[in-house]
Amino acid sequence: MFKYLQRIGKALMVPVAVLPAAAILMGIGYWIDPTGWGANSQVAALLIKAGAAIIENMGVLFAVGVAFGMSRDRHGSAALSGLVGMLVVTTLLNPGTVAILQGIDPSQVSVAFAKVNNGNQFIGILVGVISAALYNKFSRVELHKALSFFSGKRLVPIIVSLVMILVSFALLYIWPMVFGGLSTFGIALQKMGPLGAGLFGFFNRILLTIGLHHALYPVFWFDVVGINDIPNFLGGAASIAKGTGIPGVTGMYQAGFFPIMMFGLPGAALAMYRSAKFENKNKVASIMLAGALSSFFTGITEPLEFSFMFVAPPLYFLHAILTGISLYISATMHWMAGFGFSAGFVDFFLSTHNPLATKWYMLIVQGIAFFAIYYSLFTFAIKKWNLKTPGREDEDEDEGENEMSSPTTHTATAEALLEYLGGADNLVDIDNCATRLRLEVKDQGLVQDAKIKKITSGILKPGKTSVQVIVGPHVEFVCEELKKLVK
């Protein structure tokens, strides 16, 4: 079960990676026309509307992306099946169609069905998962010669469309209850105000340790229960006009991440570098600098977080608490900024001209304070409890490998990893997400953890045959080279 949830989490990165495009388009549009938001500039209007086209169809993107990401061979037919499935479900569960199916007046249809549209990420994920499962099962089926044209991958969209009729029928009765439960959960946190935002930040980081943080954020960032924080924030003036965007409130589940990702974690990186043994400082400097730059500019934090998550759990727990506190502070003070992908400098810069970005400059002040807090607390904790952060390993733990040179190319990294992972015969499946190699091996006993840690940001073993290697934003290139070597 855990392994399957991990696969869903990985597949979700496919559609989520599209959000930066929306953020860039809408951000530049807002920058060009800071008062009219497209009313005073055709160029701004084009950019904002183009970005909105992505945001308003995120459910479709989730269905296509998850179906593709979870398919056996990542074939385009799987993505097409996800699209077909989403079209069937959203059409059958449209309020007008529901009124006909239930034989009631449209005004009596549950409000839950108004949320079953192209922008519903929850429905998109459900359709994507089911479509991928059907693709993996039926994409190799060979029919009788009379029907041979529909064999294999051509058969899958047909089966998906039929199955989605049954799924829609089930959702006709289940969805209002599910929506009600999620709404209750979301509303409970909404009523908690800034405290709810803080709890969201804390659990968001805690769930990263098992790769399930992707299952938490749709409730708050997208339109699963009506919070829809990211699209509402990116909507800017249009969201304000519709009443879905409230200055000083919309963005409360995003803003507090900026001080952490742009300042706090780089402060932690500096603390770990300063605390490393003198002979290891050069090696640690390269790891920490790369991780800090990634965190600051893009908001991709895994290279840094995995460098201390398991070697120094108290530090990671402290990091989760500080993240929650940051979200609580920004929400309390109504310091707001938003992002399309993650809370890095690029998204921060683009959001500053959004009318919903209130007192965004104070997040910089808050960030500087958190840089000092992270640096001070991490330095104190590392030395007080002698935590084995990178560069502080005992000599006998190094196993004489301190002189090992780090690979300088993607090919060299892949060659080294292939050896340390037990060779080609030990690798069953090779894949990657935004920053990690996700591998299935025959025998974990052949995996040389210590050596892998010396050339990457870390290693995680979530299952008996599952191995995840934290490589960084360039993981895709290393993954391709590793696949070539295995072939």
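The following exchange explains how several descriptions of this predicted model are reached.

Me: On what basis are residues numbered and local features accepted here?
Reply: Residues are counted from 1 along each chain as its sequence is written, and side-chain values rest on heavy atoms, with hydrogens and water left out. The model is predicted, and local features need pLDDT of at least 70, side-chain atom pairs count only at pLDDT 80 or more, and totals for chains, interfaces and linings use all residues.

Me: Why are strand 2 and strand 4 called paired?
Reply: Strands are DSSP runs of E with at least two residues, and helices are runs of H or I with at least four, both numbered from the N terminus. Two strands pair if DSSP finds at least two bridges between them. Strand 2 (residues 436-441) and strand 4 (residues 466-470) share 5 bridges in the antiparallel sense, so the definition of pairing is met. Among the facing residues, Leu-439 stands opposite Val-467, and Leu-437 has Val-469 as its bridge partner.

Me: What makes strand 1 and strand 3 edge strands?
Reply: The open sheet has 4 strands in the order 1-2-4-3, with antiparallel pairing. Strand 1 (427-432) and strand 3 (458-460) each have a single partner strand, so one side of each is left without a neighbour in the sheet. For strand 1, 5 bridges lead to strand 2.

Me: How do you know that strand 2 is largely enclosed?
Reply: A residue is buried under 20% relative accessible area, exposed over 50%, and partly exposed in between (1.4 Å probe, protein chains only). In strand 2, 6 of the 6 residues are buried, so the strand is largely enclosed by the rest of the structure. Both of its faces are covered, with Arg-436, Arg-438 and Glu-440 on one side and Leu-437, Leu-439 and Val-441 on the other.

Me: Why is the contact between Asp-431 and Arg-74 called a salt bridge?
Reply: The term requires a side-chain nitrogen of Lys or Arg within 4 Å of a carboxyl oxygen of Asp or Glu. The N to O distance between Arg-74 and Asp-431 is 3.3 Å, so the pair qualifies. Asp-431 lies in strand 1 and Arg-74 in the loop between helix 4 (58-70) and helix 5 (76-92), so the salt bridge ties together parts that are 357 residues apart in sequence. Asp-431 also has Arg-438 in strand 2 as its bridge partner.

Me: Are Asp-431 and Arg-74 buried or partly exposed?
Reply: Asp-431 has a relative accessible area of 10% and is therefore buried. Arg-74, at 28%, is partly exposed.

Me: What makes Glu-305 and Arg-205 a salt bridge?
Reply: Their closest N and O atoms are 2.8 Å apart, so the cut-off for a salt bridge is satisfied. Glu-305 belongs to helix 15 (residues 302-308) and Arg-205 to helix 9 (residues 194-208), so parts 100 residues apart in sequence are tied together. Glu-305 is buried at 0% relative accessible area, and Arg-205 counts as buried at 7%.

Me: How do you know that Lys-484 is exposed?
Reply: Its relative accessible area is 56%, which means that Lys-484 passes the limit for exposed residues. The side chain of Lys-484 meets that of Glu-481 in a salt bridge at 3.6 Å, N to O. The two residues are 3 apart in helix 22 and therefore separated by about one helical turn.

Me: Why is Ser-275 counted as buried?
Reply: Ser-275, in helix 13 (residues 257-275), has 6% relative accessibility and therefore counts as buried.
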